[in-house]
Each structure stands twice: as C-alpha cells, then as structure tokens.
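Here is a short briefing for your next look at this model. Please keep the sequence and the 3D view open side by side while you read.

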Amino acid sequence: MPSLTLHLNGRVLNEYPLEQNKIVKIGRLEGNDIVINDSSVSGHHAEVEFENNKFFLTDRQSKNGTFVNKQLVISRELRHDDHITIGNHTLIFAYRDEKNRPADEEEEMPDMATIAIDTSRHRSKLAHSISKMVSRDSENKLLGILSFLSGDHPSVKLDKEKITIGKNAASDIITKGFMVGGTAAVINRLDGHYTISCLEGRAKLKVNYKTVKSVIRLKEFDVIEIGSIKMQFHYQHM
C-alpha cells in the first residue's frame, strides 16, 4: 500500500500509511489524521480516500487551495510520486513497493489534469464542492490570484484595477520572448470580475490553449499562456 510522507523545507516530518477502508483527513485542527500546524492551512483542508482501486485527493473548500505538482486541484486521482502542497508543507504520495502500483500508471497523465474524476461518487463530490464554492462567492469578497504552473515564481494577487503583462521592466508580470510586446496583455478588474485582453506584440495570448483575439472574462481555473509563462487563474477569499 502507498503512504503520504510529510515534508517541510526538505526535512521529513512523518510518514502516514494509507488504508483502503479509511478516509484520511488533512488539516490544521486536532482530530485530523494528518495535522499540519501551519496558519495557511485550513482547519479541515483536504482528504484522501480509496475507491475503485485508486486513491483520490479532494480539497475541502480550503481557503488557500490544494496543489498537486504545483497545479491547483479540486479533486483528482493520486499517482506515484505526486507532490501535494498544502500551505508551506509538502506531502509525497508513493507506493512502498513498485509491484503494488496500478498497471494503468504506466500511461502518462495529461499535463492539465486539474480534475481527474473517474467514479460517480467523486463526480458527485466535485459537484457538491463547486456548488459550495459558488454559494460562498455570493456571500464573500473574492480576490483573483495567478499561480505559475512552472518555475518557482510566487503567486500574484490581482488586487489592482489593472495588471499588465509584458517584457517591459515596468510590467506587473514580466514575460520573455522575441515576439512578446512591451505590454503584451492586460488584466482588468471590475466589480469583482476579471477580464484579459491582448494589447501589443506578435506573441499569442492563449487562455485554456485557445488564442484570445478580444476581451474575455476569466473563469476559475483558466490557464493563461503568453511568451515564456503559463499561469492558472483562481479566486481566494479575502
């Protein structure tokens, strides 16, 4: 069977074996199976459970999100050597014995498998999670966040009315590329919503791998690409 190994700053803190008949709860509060003493971790942050011969990780509407291999997720199947980031800590999912790894892990998982739901139970859980997120959005003020999907760049808070992207040193987000314009794109904020549009340069602005030719409204978990950078847009409660 696999296990989750808790790391902080490269140091192993603990190892937690996973069982098929037990849901493993992760969070800051006592009573969780894996307690992470970190102020950026929600009281009940995420959970791991076994279904149909696979282990699934599900975010429990945490405040700061759950990431797998630097990718923001709601719920997805776990695979050998997946790195789960919760707050400042990392949990590594790994099979102790290579022989116990599922056969279908030989197939490479898509790069943007943000939501990999294979069972009716998890589809139901995902729908419930999104429903709760939508209902909370109407009650709380949200702030847009851009998380980089490669490199060690810190997330960018979209707390200004206008965020510029380009190769000019004065841009809020700097990207590289021969055809990238000085101010290649701009993200505008209005009434809690965000739009993105291409301004100058020959480099293509893409959202969810499709070229943007006009102003479009950003949606939760949209993937933005321009020049040398790839980012994912999501909301955070203020």
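A residue is called buried under 20% relative accessible area, exposed over 50% and partly exposed in between, using a 1.4 Å probe and protein chains only. By that scale Lys 160 is partly exposed, with a relative accessible area of 38%. This is a predicted model, in which local features need pLDDT of at least 70 and side-chain atom pairs count only at pLDDT 80 or more, while totals for chains, interfaces and linings use all residues. Residues are numbered from 1 along each chain as its sequence is written, and side-chain values use heavy atoms, with hydrogens and water left out.

**Salt bridges**

- The structure holds seven salt bridges, each a side-chain nitrogen of Lys or Arg within 4 Å of a carboxyl oxygen of Asp or Glu.
- One of them joins Arg 96 and Glu 15, at 3.7 Å from N to O. Arg 96 sits in the loop between β11 (89–95) and α1 (120–137) and Glu 15 in strand β2 (residues 11–17), so this pair ties together parts that are 81 residues apart in sequence. Helices (H or I, at least four residues) and strands (E, at least two) are DSSP runs, numbered from the N terminus.
- Arg 96 counts as exposed at 56% relative accessibility, and Glu 15 as partly exposed at 40%.
- Asp 172 forms a salt bridge with Lys 160, their closest N and O atoms being 2.5 Å apart. The pair links distant parts of the chain, twelve residues apart: Asp 172 is in the loop between β14 (162–166) and β15 (173–174), and Lys 160 in the loop between β13 (156–158) and β14. Asp 172 counts as partly exposed, at 35% relative accessibility.
- Salt bridges that share partners join Lys 54, Glu 77 and Arg 79 into one network. Within it, Glu 77 and Arg 79 meet at 3.6 Å, N to O, and both residues are buried.

**A buried acid**

- Which side chain of opposite charge is nearest to Asp 222? It is Lys 219, 4.1 Å away, and Asp 222 is buried yet has no salt bridge. For charges, Lys and Arg count as positive and Asp and Glu as negative, with His and the chain ends not counted.
- Asp 222 lies in the loop between β20 (216–217) and β21 (223–226). Its side chain makes a polar contact with the side chain of Asn 208 (2.9 Å); such a contact is a pair of N or O atoms within 3.5 Å, where within protein one must be able to donate a hydrogen and the other to accept it, and residues adjacent in sequence count only if both atoms are side-chain atoms.

**Aromatic pairs**

- A search of the whole structure finds six aromatic pairs. Rings of Phe, Tyr and Trp (its six-membered ring) pair if their centres lie within 6.5 Å; planes under 30 degrees apart count as stacked, over 60 as edge-to-face and the rest as tilted.
- Phe 93 and Tyr 95 have ring centres 5.5 Å apart and planes at 85°, so the pair is edge-to-face. Both residues are buried, and ring pairs link them with Phe 50 and Phe 55 into a cluster.

**Strand β11**

- Five of the seven residues of β11 are buried, so this strand is largely enclosed by the rest of the structure.
- Strand β1 (residues 2–8) pairs with β11 in the antiparallel sense over six bridges, and β10 (residues 82–86) does so over five. Two strands pair if DSSP finds at least two bridges between them.
- Leu 91 in β11 is the bridge partner of Leu 6 and also of Ile 84.
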